[in-house]
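Me: I've got a structure open and some of the vocabulary puzzles me. Could you go through it with me?

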Amino acid sequence: IRISGKEVARSYVNGALVFGLNPMDPMENLRAEQVVTMEVYDEKNPLEVLDNIVRDKQRVVNIKTKDPIFSTTDLQVRAIAGMDETKQEDGRPQYRYGAGTNAHFFSELIQLYADVMTNNVGMNSSNITATPGPQTNYRAMNDITVGLNKYWESPLYGNGFDTRYSYSRQRMRSRNRTLQEYFETAGIPEHDVENETSTSGRSEQHRIETGFAYRTGKLAIVTWRQMFSLTHRDTDGRTRSSTSYSGMDPMLRDETSFSGDKNWMLTENVNVGFKARNNKPGPNLSFNVSLRQNDLASWNLDTLASTYAKRYLTKEGNGLSQDWMGNLAQTLYSNRTDGRDVQLSAEYYILYQNQDQKQEAYDLYGAAGPTLNPANTFDYTYSTLQQNLRLRSRFGRWSNSNTTVLILNVAFQMDRVIDKERIPEAYSGDKTY
């Protein structure tokens, strides 16, 4: 929301944040007949006031209603159905559908929400009232999101807890066809080239986010945020290409290739921060773990043995790959008062990765049947270690109309690649400064 060119930071209802910190929620959920007046004014950021920081004021809206509103419940339900004008490849009609619900509870200290949607018209549960557009591809999606925000005092000060779980499942199918017509040129007769590509797949994802913030009076702020996600994806594709020369056999070349991709990823992220109040320094620590596995299979076949197309079945993947990342930042000095913004901080970052690369290739037209192709077959493991130490300085001044900032960074970075299976130990290190 922008009013007179300035973004609205908060929307109050009778002076309270009944709908939390999202300024759009009161606009979307209050009934118009309840609204008496809307006051627009600028106020200081309460958090900056606590930290003795004087910045530009923020624009806010205060909505006054006929009746006192301390909480509200909103429920929306929608269902749609239809059918495409064009039929599927097998001649059957392509039906379209969508059904979903949004259920929200708002109050100043607690917000609950649940969004559910199932459809094949490209909609999602966050906005079930969106108008679906024309669909060139088929995508069926089921998703659900539930969450809770709980505050121990006004949401302005951040003391609270939030959690969110979402699940989505998608199935998709697409088909594209192109036809190119070429005129006769020197040595090349008139001909047509037709390409047809079809892709299908499915994916699933679970995601959990949890956050916590606590302010110990005027002494310190402790924050913690955790995110966990599990993703699985399975896709396959088929491409058919044919070339027809004028006056000749239209099936002179008919090549078909296939590919399939299966992977899953597990990610865990934890961030813990400590910020001392009254401009005193404090540390921030984050930790991230990522595990993933990917398998890809593809093959290319030609119906005519006389052509030069590849005839290999190739399977490749990452095996089990691991990423371990840690980050520690420490504010050494901070002064953000009287129009000044001076900060000095140090940051240490470390990343360790361990990856497994593998591939198998087979000659499908071998004299004795499918045989392994050693030249394109491998299986090895390598790891990398990256460390970074950075000093960051920030010098700035602000006024009611603008902010001027100068940032200077000094960084030292060391990278090391370890591959004992293919590279001798003497050459396994690579350092960068």
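**Surface, strands and a patch**

Reply: Sure! The protein exposes about 25700 Å², and carbon and sulfur atoms supply 55% of that; such areas come from the Shrake-Rupley method with a 1.4 Å probe, and for residues only the protein chains shown count as cover. Keep in mind that this is a predicted model, where local features need pLDDT of at least 70, side-chain atom pairs count only at pLDDT 80 or more, and totals for chains, interfaces and linings use all residues. Residues are numbered from 1 along each chain as its sequence is written, and side-chain values use heavy atoms, leaving out hydrogens and water.

Me: Why is Tyr214 called partly exposed?

Reply: Its relative accessible area is 39%. Buried means under 20%, exposed means over 50%, and partly exposed is in between (1.4 Å probe, protein chains only). So Tyr214, at 39%, counts as partly exposed. You'll find Tyr214 in strand E10, residues 191-216.

Me: What makes strand E1 (2-3) an edge strand?

Reply: Four strands form an open sheet in the order E1-E2-E4-E3, with mixed pairing. Strand E1 (2-3) pairs on one side only, and so does the other edge strand, E3 (35-43).

Me: And how do you know that E1 and E2 pair?

Reply: Two strands pair if DSSP finds at least two bridges between them. E1 and strand E2 (residues 6-13) have two bridges, in the antiparallel sense, so they qualify. Ile3, for instance, stands opposite Lys6 in E2.
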